[in-house]
Amino acid sequence: MKQAALITQTADYVRAQLTGEGSGHDWWHIYRVWRHTITIGRVEGVDLFVAQLAALLHDIADWKFHSGDDSVGPRLAAEWLSGLGVEAASIEQVCAIIAGLSFKGEGEPPQPLSREGQVVQAADRLDAIGAIGIARVFAYSGHAGTPIYDPDCAPVCGPVRGMTAEQYQAYPSTPINHFYEKLLLLKDRMNTAAGRQMAEERHCYMEGFLAQFAREW
Ligand code: ADP
Ligand code: NI
């Protein structure tokens, strides 16, 4: 099968799997990450076949929804791609990207990623910040059942900084805390120049939102 057809088939598969997902990891999140991957990937001159497949499959089985097991996503992606007859070397590259993509806590060292992986990660992180990032963090928290903010459980800076993966996963966060635990950190963790530039405006927008939220509170 031609590369374009493999990408279309993979998009159709992911769309069927994730349409209507309610935590902000639905098909349209994947679609936006896919588009950003193409935009940034062109500037960076990476292998767009591998990058697009990784973008499309990156949230097929998130570790947060599988009791912290981060092997499920790469395994499902590998099964899907080998079923399509994609060559083993490409499958390996895609799975390594999916395994290394996720933010696991401020105190965790960044995982090594290929250049294609860095592009997909920048694309995914762009969709976690700005107006869409704000919408997604509240969607996620509604899905998880946490209040929008709780001043008694709100160590929004200080103790929550530098969390390990275990602390990050176990911490009873609120969406407002999540800005300080992750979203405001992403701008400086963009591994591509194009991604960094696109992140600036979105970052400022979140800062404005948080200032307004604090005034209203
Ligand atoms: P990745 O694994 O790609 O780094 P996640 O799937 O953890 O990203 O996060 C995607 C988005 O889901 C976040 O940017 C945020 O909007 C939401 N999210 C994830 N974890 C939390 C959390 N603990 N509280 C609130 N929102 C969260
Ligand atoms: Ni994602």
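Tyr13 is buried in this predicted model, with a relative accessible area of 18%; buried denotes under 20% relative accessible area, exposed over 50%, and partly exposed the range in between, for a 1.4 Å probe and protein chains only. Tyr13 forms a stacked aromatic pair with Trp80, at 4.0 Å centre to centre and with 5 degrees between the planes. Rings of Phe, Tyr and Trp (its six-membered ring) are paired if their centres lie within 6.5 Å, and planes under 30 degrees apart count as stacked, over 60 as edge-to-face and the rest as tilted. Because Tyr13 belongs to helix α1 (residues 3–18) and Trp80 to helix α4, the pair ties together parts that are 67 residues apart in sequence. Helices (H or I, at least four residues) and strands (E, at least two) are DSSP runs, numbered from the N terminus.

A second pair, Phe209 and Phe213, is tilted, because the ring centres are 6.1 Å apart and the planes stand at 50 degrees. These two residues lie four residues apart in helix α10 and are thus separated by about one helical turn. Phe209 is partly exposed, at a relative accessible area of 25%, whereas Phe213 is buried, at 16%. Both residues belong to one aromatic cluster, formed by Phe138, Tyr149, Phe179, Phe209, Phe213 and Trp217. The count of aromatic pairs comes to 12. In addition, Arg35 lies over the face of Trp34, at 4.7 Å from the ring centre; a charge is placed over a ring if NZ of Lys or CZ of Arg is within 6 Å of the ring centre and within 35 degrees of the ring normal.

The nickel ion (ligand 2) has as its protein donors His29 (NE2), His58 (NE2), Asp59 (OD) and Asp124 (OD), at 2.1 to 2.3 Å. Donors are N, O and S atoms within 2.8 Å of the metal (3.2 Å for Na, K and Ca), and sites may look incomplete because water is not among the atoms. Along the chain, the donors of the nickel ion follow the spacing H-x28-H-D-x64-D. Distant parts of the chain are linked by His29, in helix α2 (residues 27–44), and Asp59, in the loop between α3 (48–57) and α4 (72–84), 30 residues apart. His29 is buried because its relative accessibility is 0%, and Asp59 is buried at 9%. The arrangement is irregular because the four donor atoms subtend angles of 82 to 171 degrees. Four donors count as tetrahedral if all angles lie between 85 and 135 degrees; four count as square planar and six as octahedral if opposite donors are over 155 degrees apart and all others between 65 and 115; anything else is irregular.

Thr174, in the loop between α8 (165–170) and α9, is buried at 3% relative accessibility. Residues up to four places away in sequence aside, Thr174 touches Pro147, Ile148, Tyr149, Asp150 and Cys153, a contact being heavy atoms within 4.5 Å.

Overall, the protein chain contains 10 helices and zero strands, and 47% of its 217 residues count as buried.

Residues are numbered from 1 along each chain as its sequence is written, with chains lettered from A and ligands numbered from 1 in the order in which they are written. In this predicted model, local features need pLDDT of at least 70, side-chain atom pairs count only at pLDDT 80 or more, and totals for chains, interfaces and linings use all residues, while side-chain values use heavy atoms, leaving out hydrogens and water.
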